[in-house]
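Grab your viewer and a scratch pad. Below are some short exercises, each with a worked solution to check yourself against.

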Amino acid sequence: MKIGEIAKAAGVTTSRIRFYERRGIIAPAARGPNGYRDYPEELVALLRFIEQAQGLGFTLREIASVEVRSGPHPISCAEAIRLLSAKRDAVDALIAEARQRKRRIEALIGELQASQAGTAE
């Protein structure tokens with residue numbers, strides 16, 4: 001498949017595909033005699049996987065570290081569950097940290113408001 005065809009089928013831009021190639025996220029395409037990139041059809045599933053993973057907060061480094069297999073499912077269900085569970089735990093930690101930060105901010109606002117009210121009298 002040519003780059004425009006694979007991009008359309010995967011729902012990504014051609015520049016994103018070239019970027020993934022440069023970063024080593026996907027294997028470089030074979031080149032035909034005319035110099036055009038020629039991609040295998042199974043790359044569509046991988047590109048969709050990459051886009052979905054990024055949408056869930058995975059970095060390109062994390063995505064690149066996953067062992068990809070050929071076929072309609074780029075990684076095993078067991079590996080996906082492991083990765084998603086770890087990402088969920090990281091998100092939970094971020095939420096807890098944000099809540100703690102919010103409590104500290106609210107406490108400081110309260111202190112400043114009390115101080116301001118005490119000096120206004």
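**Exercise 1. Find out which residues I26 touches, not counting residues up to four places away in sequence.**

Solution. Keep in mind that we're working on a predicted model here.
- Step 1: leave out the sequence neighbours, and the contacts of I26 are I17, Y20, E21, L43, L46, L47 and I50.
- Step 2: look at where I26 belongs. The largest nonpolar core has 24 residues, and I26 is listed with I17, L47 and I50 as having the most contacts inside it.
- Step 3: ask who supplies this core. At least two residues come from each of α1, α2, α3 and α4, and α3 gives the most, with seven residues.

As background, nonpolar side chains tend to be buried together in soluble globular proteins.

**Exercise 2. Decide whether I17 and R22 are buried or exposed.**

Solution.
- Step 1: place them. I17 lies in helix α2, and R22 is in helix α2 too.
- Step 2: apply the cut-offs. I17 has a relative accessible area of 0%, so with buried meaning under 20% it is buried. R22 comes in at 63%, and exposed means over 50%, so R22 counts as exposed.
- Step 3: check what surrounds I17. Leaving aside neighbours within four places in sequence, I17 is in contact with I3, I6, A7, V12, I26, Y39 and L47.
- Step 4: pick a couple of distances, C-alpha to C-alpha. I17 and D92 are 75 residues apart in sequence and 32 Å apart in space. For R22 and S115, the separation is 93 residues in sequence and 57 Å in space.

**Exercise 3. Test whether the span of α3 agrees or disagrees with 1.5 Å a residue.**

Solution.
- Step 1: get the expected value. α3 runs over 43-55, and its 13 residues should span 18 Å at 1.5 Å a residue.
- Step 2: compare. The end C-alpha atoms of α3 are 18 Å apart, which agrees.
- Step 3: list the buried residues of α3, which are L43, V44, A45, L46, L47, F49, I50 and A53.
- Step 4: recall the helix geometry. With 3.6 residues a turn, residues three or four places apart in an α-helix point the same way.
- Step 5: see what the buried residues of α3 pack against, namely α1 (3-10), α2 (14-23) and α4.
- Step 6: step off the end of the helix. Just after α3, G57 takes a positive phi of about 100 degrees.

**Exercise 4. Work out what lines the largest pocket and the second largest pocket.**

Solution.
- Step 1: start with the largest pocket, whose volume is about 260 Å³. It has 16 lining residues, and F49, Q52, A53, I75 and A80 are the closest to its centre.
- Step 2: sort the lining of the largest pocket by element. α3, α4 (60-64) and α5 (77-120) each supply at least two residues, with the largest share, four residues, coming from α3.
- Step 3: sort that lining by class, and you get 13 nonpolar, two polar and one charged.
- Step 4: move to the second largest pocket, with a volume of about 220 Å³. There are 17 lining residues, and A27, P40, E42, L43 and L46 lie nearest its centre.
- Step 5: repeat the sorting for the second largest pocket. The largest share of its lining, three residues, comes from α3, and by class the lining splits into twelve nonpolar, two polar and three charged.

Note on methods. Residues numbered from 1 in each chain as written. Predicted model: local features only at pLDDT ≥ 70, side-chain atom pairs only at ≥ 80, totals over all residues. Heavy atoms only, no water. 1 Å grid on protein atoms, 1.4 Å probe; cavity = no way out; pocket = protein on both sides within 12 Å on 5 of 7 lines; lining within 4 Å. Points joined across faces, edges and corners; volume = space filled by probe spheres on them. Nonpolar A, V, L, I, M, F, W, Y, C, P; charged D, E, K, R; others polar. Expected span 1.5 Å × (residues − 1). Buried < 20%, exposed > 50% of the residue type's maximum accessible area, 1.4 Å probe, protein only. Contact = heavy atoms within 4.5 Å. Core = buried A, V, L, I, M, F, W, Y, C linked by side-chain atoms within 4.5 Å.
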